[in-house]
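Me: I should like to understand how the descriptions given to a protein model are justified. Please take me through the reasoning step by step.

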Amino acid sequence: MAVDKRAFVNVFDYEAAASETLPKIAYDYYRSGANDEITLHENHNAYERIKLKPRVLRDISKRDLTTTILGQTRSMPILVAPTAFHCMAHPEGEVATARAAGTAGTIMMLSTLSTSSIEDVMSEATGLVWFQLYVYKDREATLSLVQRAESAGCSAIALTVDAQIWGRRERDIKNHFRLPEGLSIKNLMPAGREQFPKEQADSGLAAYVTWQFDPTLSWKDVEWLCSKAKVPVLLKGVLHPEDARLAIDHGAAGVIVSNHGARQLDTVPATIEALPEIVEAVDGKIEVLIDGGIRRGTDIVKALALGAKAVGVGRPIIWGLAVDGEQGAKRILDILRKDFDLAMRLCGCTSVEEIKKGLVG
């Protein structure tokens, strides 16, 4: 039976449809968190505990959702966060996502673990793309990824710093997660590292990470990357204010407050709970973004009011992609844009710059 997409009014509707569309192993992969998934639930629940204090009797007949991130003006402070393996959700995968982000006038962060190559994605992208980077034990392969991303036109590198080893994702273990036949980590094909290990494991991805990712990653590697990259470098996965201060000292242009979608260490804070201390720590010296648990326009207002420059959304894009490909991903961004627009104006704000800390309590 065809799905009546006209009845979809929020991202939760798309997730419900995606849960019926996707194979269980794919849905569980996208949906799951680490261990007991306490942080997974808290990432969104924490937003519900924050209350808005709107201002009234303001002229909200006109509004401006645009913002500037790393000097790049975008249509809204809503970015596509990096998520792996989009081709499990739709055959056009990351290429479709890039087109949707471009149409929406926002930024896509392309994962190292993409099932489409950097070059294929960038050949179709009409907007800005940042490249999310994992550091491999093979530093030449890592540097090659950075150079390919820059050559293809990616305008920033988002270095993931919370995944030298893999969290315990029990749904993947139970499902013995592996990529479907015909899919691979396309960006690593030139280095011969595009496939999971042949040995049987509870999770093929966990085995791949143990085999390939560098557990020695440290601050000296941040300096190395910043010295090699020709574009700004952000650190993704920062939860502690001292790490935010160190990011400044080691050359980062920004930090992304993230707990990896609650997929690494369970019982860490929801990202919105960690945000205020990190904003205070950087003291305006670098830009602060946030991802994790954002599902409503009110969530976006709260994140910006607490000091985030922009927010990233990951899983909702996958749900849209699974239901309706490029149009589904675009629809998710449209829903969030309109919801954010409404929440902003009902708070008495007519521009992103007017969203201040006094709006939350």
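Reply: This is a predicted model. By the rule applied here, two cavities of 30 Å³ or more are counted.

Me: What makes the second largest cavity eligible for that count of cavities of 30 Å³ or more?

Reply: The second largest cavity holds about 50 Å³ of space, and the count takes cavities of 30 Å³ or more. Its lining consists of Tyr134, Val135, Thr160, Ala163, Gln164, Phe213, Asp214 and Leu217. By class, these are five nonpolar, two polar and one charged.

Me: What is the volume of the largest cavity, and which residues lie nearest its centre?

Reply: The volume is about 390 Å³. Thirty residues form the lining, and Pro82, Thr83, His260, Gly261 and Arg263 lie nearest the centre. The lining of the largest cavity divides into 13 nonpolar, eleven polar and six charged residues. H13 supplies the largest share, three residues.

Me: Why is Gln72 called buried?

Reply: Gln72 has a relative accessible area of 16%, and buried means under 20%; Gln72 is therefore classed as buried. Gln72 belongs to strand S2, residues 72–74.

Me: How do you know that the side chain of Gln72 makes polar contacts with the side chains of Trp130 and Ser155?

Reply: A polar contact requires N or O atoms within 3.5 Å. The pair with Trp130 is at 3.3 Å and the pair with Ser155 at 3.1 Å, and each is recorded as a polar contact. Leaving aside neighbours within four places in sequence, the residues in contact with Gln72 also include Thr67, Ile107 and Leu128.

Me: What makes the pair Glu92 and Arg99 a salt bridge?

Reply: The limit between the side-chain nitrogen and the carboxyl oxygen is 4 Å, and the side chains of Glu92 and Arg99 meet at 2.6 Å, N to O. The structure holds 19 salt bridges.

Me: Why is Arg99 called buried but Glu92 partly exposed?

Reply: Buried means under 20%, and partly exposed lies between that value and 50%. Arg99, at 17%, therefore counts as buried, while Glu92, at 38%, counts as partly exposed.

Me: Which parts does the salt bridge between Glu124 and Arg99 tie together?

Reply: The closest N and O atoms of Glu124 and Arg99 are 3.3 Å apart. Glu124 lies in helix H5 (residues 118–124) and Arg99 in helix H4 (residues 93–104), so the pair joins parts that are 25 residues apart in sequence. Glu124 has a relative accessible area of 34% and is therefore partly exposed.

Technical notes:
Residues numbered from 1 in each chain as written. Predicted model: local features only at pLDDT ≥ 70, side-chain atom pairs only at ≥ 80, totals over all residues. Heavy atoms only, no water. 1 Å grid on protein atoms, 1.4 Å probe; cavity = no way out; pocket = protein on both sides within 12 Å on 5 of 7 lines; lining within 4 Å. Points joined across faces, edges and corners; volume = space filled by probe spheres on them. Helix = DSSP H or I, 4+ residues; strand = E, 2+ residues; numbered from the N terminus. Nonpolar A, V, L, I, M, F, W, Y, C, P; charged D, E, K, R; others polar. Buried < 20%, exposed > 50% of the residue type's maximum accessible area, 1.4 Å probe, protein only. Polar contact = N/O pair within 3.5 Å; in protein donor to acceptor, adjacent residues only side chain to side chain. Contact = heavy atoms within 4.5 Å.
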